[in-house]
Amino acid sequence: MSHICIQPSHVAIVTGGASGIGLAACRAFAGMGLSVVVADMNAEGLARAVEDIAAASPRGRDAVRGLRCDVTVRQDLQMLEAEARDAFGRVDILMANAAVQPGSDILGPDGAWDRILDTNLYGVIRTVQAVLPGMIADGHPGLVIVTGSKQGITTPPGDPAYNVAKAGVKAFAEAVQHDLRNRPGCRISAHLLIPGFVFTPLTANGRTEKPAGAWTPAQTVDFMMQGLERGDFYILCPDNEVTRQVDERRMLWAASDIVENRPPLSRWHPDYADRFEAFLRGAG
Ligand SMILES: NC(=O)c1ccc[n+]([C@@H]2O[C@H](COP(=O)([O-])OP(=O)(O)OC[C@H]3O[C@@H](n4cnc5c(N)ncnc54)[C@H](O)[C@@H]3O)[C@@H](O)[C@H]2O)c1
């Protein structure tokens, strides 16, 4: 269902739905009359989120189920799938969105790479593998939305484990969409949500007020809904600092590192600073 008509009879599952972008998506789906299954490993946040999402739904509490679910645990995801079907009888929309960003460098710190890859990359793969087969078997139109990141495309220095995970998420989502569109009779489409800078607990860093450059989670989800309506696979969000045009130049420059046989991450290499700035202005 690219060009999907999201309907009140639909059921949406959102992982990492107790906070930030996931919570805003749950609210938006609930506001459109859908039934929402919100999954998160943060039990306290989940309880608050269920009330919050119910308040956005014309059906109130009846339209929402909260499930404590850790995307690093396969059984939790199997339970999530079963609970959604038990509560609402079907699954139409899956948003694999849960992620962490504790920081990393190439050598550590201890445990960080395991946690980040297990949650942000393998968690997404596990989530899709737990829920998608049932959606395919149902034969209904459906949506699989995977939350990626620009950090998985231009892979800036600073948090390599997060970049590696999000680059994997991009490749996985692309493979899912390629597979779905080649499955005879399948009306499910996959989509990669690529947020810009969004003010959430993930990026707050102690700030209590939204920085001017950031979007709100609600703005991000509005933009996502427009992208889904158009049937876009790559839902590339701008923010208040970075336009689509700037993102396009940054992505082209990153891909050109290989084509031009430049050093990796040449955007941050002093020898290329002037050339990159010229390219960004459209002069290169
Ligand atoms: N905020 C941004 O600027 C930004 C930018 C690009 C991409 N993203 C991506 O958007 C998505 C949502 O991030 P957010 O900014 O809303 O963050 P957030 O921290 O507000 O929400 C993430 C949620 O995921 C949950 N979670 C973490 N580990 C989990 C696990 N193992 N199992 C289940 N739930 C788990 C957390 O409890 C939290 O409720 C993430 O995939 C993130 O990488 C965010």
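These are my notebook entries on the cysteines, one buried histidine and two helix pairs.

**Entry 1: the model**
I am working from a predicted model here.

**Entry 2: cysteines**
I began with a simple question: how many disulfides are there? I needed one cut-off for this, namely that two cysteine sulfur atoms must lie within 2.5 Å. By that rule I count zero disulfides.

I then looked at individual cysteines to see the reason. For Cys69, the closest cysteine sulfur belongs to Cys26 and is 12 Å away, so the pair is too far apart for a bond. Cys69 is also buried, with 3% relative accessibility.

Cys237 gave me a similar story. Its closest cysteine sulfur is in Cys26 as well, at 17 Å, which is too far for a bond. I find Cys237 buried too, at a relative accessible area of 1%.

**Entry 3: His191**
Next I went to His191, which I located in strand E6, residues 188-194. Is His191 buried or exposed? His191 counts as buried, since its relative accessibility is 1%.

I also listed its neighbours, leaving out residues up to four places away in sequence. From one stretch of the chain, His191 touches Leu143, Val144, Ile145 and Val146. From another, His191 touches Leu228, Gly231, Asp232, Phe233 and Ile235.

**Entry 4: H3 and H4**
I turned to helix H3 (residues 74-88) and helix H4 (residues 112-138), whose axes come within 9 Å. I noted a crossing angle of roughly 35 degrees and a right-handed crossing.

Which residues of H3 meet H4? On the H3 side I have Arg74, Leu77, Gln78, Glu81 and Arg85. Their partners in H4 are Tyr122, Gly123, Arg126, Thr127, Gln129, Ala130, Val131, Gly134, Met135 and Asp138. Sorted by class, the residues of this contact come out as five nonpolar, five polar and five charged.

**Entry 5: H8 and H9**
My last stop was helix H8 (residues 244-259) with helix H9 (residues 273-280), where the axes come within 9 Å and cross at roughly 135 degrees. That angle makes H8 oblique to H9. I recorded the crossing of H8 and H9 as right-handed.

H8 brings Val246, Arg249, Arg250, Leu252 and Trp253 to the contact, and H9 brings Arg275, Phe276, Phe279 and Leu280. I sorted these by class as well: six are nonpolar, three are charged and none is polar.

Key:
Residues are numbered from 1 along each chain as its sequence is written. This is a predicted model: local features need pLDDT of at least 70, side-chain atom pairs count only at pLDDT 80 or more; totals for chains, interfaces and linings use all residues. Side-chain values use heavy atoms; hydrogens and water are left out. Buried means under 20% relative accessible area, exposed over 50%, partly exposed in between (1.4 Å probe, protein chains only). Axes are lines fitted to C-alpha atoms, for helices over the stretch in contact, and angles run from 0 to 180 degrees between N-to-C directions. Helices (H or I, at least four residues) and strands (E, at least two) are DSSP runs, numbered from the N terminus. Angles under 35 degrees count as roughly parallel, over 145 as roughly antiparallel, 65 to 115 as roughly perpendicular and the rest as oblique. A crossing is left-handed if the near helix is turned anticlockwise from the far one by less than a right angle, and right-handed if clockwise. Contact means heavy atoms within 4.5 Å. Ala, Val, Leu, Ile, Met, Phe, Trp, Tyr, Cys and Pro count as nonpolar, Asp, Glu, Lys and Arg as charged, and the others, Gly among them, as polar.
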